[in-house]
Amino acid sequence: MQASDTKIAFVGLGLMGVPMAKNLLKAGYQIAGFDLNQEVAAKFLDDKGFQFVSSPEQAIQDANLTILMLPDSAIIDALLWGSNGSTGIASQLRKNSYLIDMSSSSPISSKENNHNLEKLGIKFIDAPVSGGVKKAIDGSLAIIVGGKKEYFAEVHPLLECMGKSIVHVGDAGAAHAVKALNNYVSAAGLIAASEALNAAKKFGLDPHVVNQVFNASTGRNNTTENKVENFMLNDAFNSGFSLALMRKDVQIALNFIENMNCYANLAKQCVLTAKEADEKLGKGADHTAMFDYVRSAAL
Ligand code: NAD
């Protein structure tokens, strides 16, 4: 799909949605954007080709492609199919248009959404991203894609404006499954590193040195390499990915693993720890503040 013949509706302009939309604008795409938080409109004042509209219905009016970058499947399902008496936008999407859900959604909901959207003549793709705000800004996200191969080929040029590694993993819902499992493995690494560094410090060790050893040894993971020094040991806790979203992701992964009738002991513990930390630290806490929670919860 070329920028000149693609009109995009972009719903969900939060920490990730804003930089992703900006990269599409830079490539020449036209965007009608909507977010419940109207203050985000101010972030696009200098961007040509962007119009902030006052409802999702207005955003999709002329769109031949809709991108969702929303918190979770409950919000997406309500937006598509309605809730509390409202009808939802699914029936108003243009026939033969694309709907790309780039949020980290539930694979089970996405499979169902694909099935129901297909009946309406809408081409569904799940394309969750990995890499965080920094990579969203420089357009180097890892994008995991699920859906028909021909749809993937069509939208590939557009995804390339936002990401570097773009991998098709299977049918609709497959990418959301891979994304949830990835985030579970990542969260397990975060919790393990937080517990280990806290105990090391109590023993009188320097956690900076301990983390250096981890990074030169088999305990190395994304947390030890990228988060411990930048966001955790300095008490900054500002990576740009909330604890609430991490909690949602591990819950999706646990549901998925259990749905597959597979062993999920560690996933259950991660869900429990994420829930406890989220409730203790409150709204707005960054996921790297898991270290703060572990520290304060120490016996
Ligand atoms: P965010 O909370 O910053 O943004 C979500 C936006 O959606 C907010 O601006 C909110 O106002 C808006 N919103 C909520 N309900 C809405 C509705 N019904 N209609 C319109 N707008 C609505 O979240 P984020 O960090 O940008 O994450 C978005 C998605 O991307 C999530 O699924 C998250 O798990 C995933 N993700 C985030 C990161 C990250 O590092 N932040 C990385 C990869 C994936």
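Okay, so two strands count as paired if DSSP finds at least two bridges between them. Keep that in your head while you look at the structure, which is a predicted model.

Let's start with a pair of strands. Strand β8, residues 141-146, and strand β9, residues 163-170, run in the parallel sense and are joined over six bridges. If you want a place to put your finger, find isoleucine 144: facing this residue is valine 167 in β9. Now, how does the chain get from β8 to β9? The route goes through helix α6, residues 149-159, and this β-α-β crossover is right-handed.

Next, the ligand. How many residues surround the ligand? There are 24 of them, and the closest are Leu15, Met16, Asp35, Pro71 and Lys248. Sorted by class, that shell has 14 nonpolar residues, seven polar ones and three charged ones.

Some of the contacts involve oxygen atoms of the ligand. One is 2.9 Å from a polar backbone atom of methionine 16. At serine 104, again a polar backbone atom takes part, with a ligand oxygen 3.0 Å away. With lysine 248, it's the side chain: an N or O atom there sits 2.9 Å from an oxygen of the ligand. And how much of the ligand gets covered? Taken alone, the ligand exposes 830 Å², and the protein buries 85% of that. Two elements give two or more residues to the shell, namely α5 (132-137) and α10 (243-259).

Okay, on to charges. Side chains of opposite charge can pair when their charged atoms come close. The count here comes to nine salt bridges. One of them links the side chains of arginine 247 and glutamate 279, at 3.9 Å from N to O. Arginine 247 is in helix α10 and glutamate 279 is in helix α11, residues 265-281, so this pair ties together parts that are 32 residues apart in sequence.

One last stop: serine 239, which you'll find in the loop between α9 (222-232) and α10. What does the side chain of serine 239 reach? One partner is the backbone nitrogen of phenylalanine 241, at 3.3 Å. Another is the side chain of aspartate 286, through a polar contact of 2.8 Å.

That's my tour, thanks!

How values were computed. Residues numbered from 1 in each chain as written. Predicted model: local features only at pLDDT ≥ 70, side-chain atom pairs only at ≥ 80, totals over all residues. Heavy atoms only, no water. Near = heavy atom within 4 Å. Polar contact = N/O pair within 3.5 Å; in protein donor to acceptor, adjacent residues only side chain to side chain. Areas by Shrake-Rupley, 256 points an atom, 1.4 Å probe, with all protein chains shown as cover. Helix = DSSP H or I, 4+ residues; strand = E, 2+ residues; numbered from the N terminus. Nonpolar A, V, L, I, M, F, W, Y, C, P; charged D, E, K, R; others polar. Right-handed = clockwise from strand over helix to strand, strands pointing away. Salt bridge = Lys/Arg side-chain N within 4 Å of Asp/Glu carboxyl O.
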